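Here is a short note to read beside the model. Please keep the structure open and look up each place as it comes.

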Amino acid sequence: AKFFDDQYFNNAYYGKVGGVNCKEINSLEIEFLFMINFNLYVSDKDYEMYNRKLEEHAVSMQLDQSATKRVIKQPSSKPISAHQH
């Protein structure tokens with residue numbers, strides 16, 4: 001976000017939202033940049049591929065959450081008494 005956006009949140013904010021301290025976010029950011037040799041260019045083809053995968057993942061997560069909610073909302077069966085067999 002920092003590379004492309006004029007306005008962005010700082011690492012302290014991202015850390016707070018993500019549950020990671022700011023020092024760790026800074027360290028991860030530097031490590032990532034070195035791993036990609038500071039090359040922040042993404043081709044249109046790669047962008048579209050990762051965007052599609054992210055959208056597919058988001059849809060699957062929504063479906064999983066909907067299924068979980070349906071399971072939780074289903075009425076439970078009557079408890080079996082210890083005297084029933």
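**Notes on the model**

1. A single salt bridge is present in this structure, which is a predicted model. The partners are R52 and E56, and their closest N and O atoms are 3.5 Å apart. That distance meets the cut-off for a salt bridge, which is within 4 Å.

2. Where do R52 and E56 lie? Both belong to helix α3, which covers residues 44–73. They are 4 residues apart, and this is about one turn of the helix.

3. Are the two partners buried or exposed, or in between? R52 has a relative accessibility of 43%, so R52 counts as partly exposed. E56 has 45% and therefore counts as partly exposed too. The reasoning needs two limits: buried means under 20% relative accessible area and exposed means over 50%, with partly exposed in between.

4. Now the overall layout. The protein has 3 helices and 0 strands. Followed along the sequence, the pattern reads α-α-α. Of its 85 residues, 5% count as buried.

5. How do α1 and α2 pack? Helix α1 spans residues 11–18 and helix α2 spans residues 22–35. The angle between them is about 110°, and their axes are 8 Å apart. The two helices are therefore roughly perpendicular to each other, since angles of 65 to 115 degrees count as such. The crossing of α1 past α2 is right-handed.

6. Which residues make this contact? From α1 come N11, A12 and G15, while α2 supplies C22, I25, N26 and E29. Sorted by type, the residues of the contact are 3 nonpolar, 3 polar and 1 charged.

7. One residue of that contact deserves its own point. I25 is placed in helix α2. Its relative accessibility is 17%, so I25 counts as buried. Leaving aside residues up to four places away in sequence, I25 touches N11, G15 and V20. I25 and N11 are 14 residues apart in sequence, yet their C-alpha atoms are 6.3 Å apart in space.

8. Next, the loop between α2 and α3. N37 lies in this loop, and F38 lies there as well. What is to be noted about the phi of each? N37 has a positive phi of about 55°, although N37 is not a glycine. F38 also has a positive phi, of about 60°, and is not a glycine either. Why is this worth a remark? Because most residues other than glycine have a negative phi.

9. How exposed are these two loop residues? N37 has a relative accessible area of 67%, so N37 is exposed. F38 has 45% and is therefore partly exposed.

10. To recap for a second look at the model: find the right-handed crossing of α1 and α2, then buried I25 in the contact. Go on to N37 in the loop between α2 and α3, with F38 in that loop too. Finish at the salt bridge of R52 with E56, within helix α3.

How values were computed. Residues numbered from 1 in each chain as written. Predicted model: local features only at pLDDT ≥ 70, side-chain atom pairs only at ≥ 80, totals over all residues. Heavy atoms only, no water. Axes fitted to C-alpha atoms, helices over the stretch in contact; angles between N-to-C directions. Parallel < 35°, antiparallel > 145°, perpendicular 65-115°, else oblique. Left-handed = near helix turned anticlockwise from the far one by under 90°. Contact = heavy atoms within 4.5 Å. Nonpolar A, V, L, I, M, F, W, Y, C, P; charged D, E, K, R; others polar. Salt bridge = Lys/Arg side-chain N within 4 Å of Asp/Glu carboxyl O. Buried < 20%, exposed > 50% of the residue type's maximum accessible area, 1.4 Å probe, protein only.
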